[in-house]
Amino acid sequence: MSDTEILELLSQVVAGEEALEEAGQQYFLGLSNENNNIIVPSALHERLTNNEPVMVLDIRRAEDFARGHIEGAVNIWWFDVGHHLDELPRDRSLLVTCYSGQAAGQVVGVLRMMGFEAVSLAGGMNGGWLSAGLPVVTE
């Protein structure tokens, strides 16, 4: 590999790192007291009751999803979300839930960096939705 080819390759790496850093900065600048990327269970329930255009993405394992999930939720295990990005809407909010909210928060961070409008369910299914006594559907 010539010196010119090496310099070109390095410039591409640096450009990629700068783009990633800029995306991260934009993500953190988007955080505020009014928009902290989290939705409380009662607010999500209200949005669903009012038939607002949202998609609930449940990233738990399929067997846990089957035991009880939010009506209308779509189940994609968190490990597989990257393989299903083309199935996620960009024209409405994604409301992501998991067991406790931790994995959903990580998924939301990446989705937001990719341009999706996404929020995490506070407390997830266990500490949020179920603790609030909100309804679930079983299979």
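Me: What makes β4, helix α4 and β5 a right-handed β-α-β unit in this predicted model?

Reply: In this predicted model, strand β4 is followed by helix α4 (residues 102-113) and strand β5 in a right-handed β-α-β unit. The crossover is called right-handed because, with the strands pointing away from the viewer, the path from the first strand over the helix to the second runs clockwise.

Me: How do you know that β4 and β5 pair, and in which sense?

Reply: Two bridges are the least that a pair of strands needs, and β4 and strand β5 (residues 118-121) have three bridges, in the parallel sense, so they count as paired. Within this pairing, Val-96 has Ser-120 of β5 as its bridge partner.

Me: Which strand pairs with β4 over five bridges?

Reply: That is strand β2 (residues 54-58), which pairs with β4 in the parallel sense. Here the bridge partner of Val-56 is Leu-95 in β4.

Me: Why is strand β4 called largely enclosed by the rest of the structure?

Reply: A residue counts as buried under 20% relative accessible area, and five of the five residues of β4 (residues 93-97) are buried, so the strand is largely enclosed by the rest of the structure. In a regular strand the side chains alternate between the two faces of the sheet. In β4, Ser-93, Leu-95 and Thr-97 point one way, while Leu-94 and Val-96 point the other way, and all are buried.

Me: Why is Gly-68 called buried or exposed?

Reply: The relative accessibility of Gly-68 is 9%, and since buried means under 20%, Gly-68 counts as buried. Gly-68 lies in the loop between α3 (62-67) and β3 (74-75).

Me: What does Gly-68 touch, leaving aside residues up to four places away in sequence?

Reply: Gly-68 touches Arg-60, Met-125, Val-136, Val-137 and Thr-138, where a contact requires heavy atoms within 4.5 Å. Gly-68 and Leu-130 are 62 residues apart in sequence, and their C-alpha atoms are 9.4 Å apart in space.

Me: Why is Asn-51 called buried or exposed?

Reply: The relative accessible area of Asn-51 is 67%, and because exposed means over 50%, Asn-51 is called exposed. Asn-51 sits in the loop between α2 (41-49) and β2, and its phi is near 55°, a positive value in a residue other than glycine.

Me: What is the pattern of the protein, read along the sequence?

Reply: The protein follows the pattern α-β-α-β-α-β-β-α-β-α, and its secondary structure comes to five helices and five strands. Of its 139 residues, 32% are buried.

Technical notes:
Residues numbered from 1 in each chain as written. Predicted model: local features only at pLDDT ≥ 70, side-chain atom pairs only at ≥ 80, totals over all residues. Heavy atoms only, no water. Buried < 20%, exposed > 50% of the residue type's maximum accessible area, 1.4 Å probe, protein only. Helix = DSSP H or I, 4+ residues; strand = E, 2+ residues; numbered from the N terminus.
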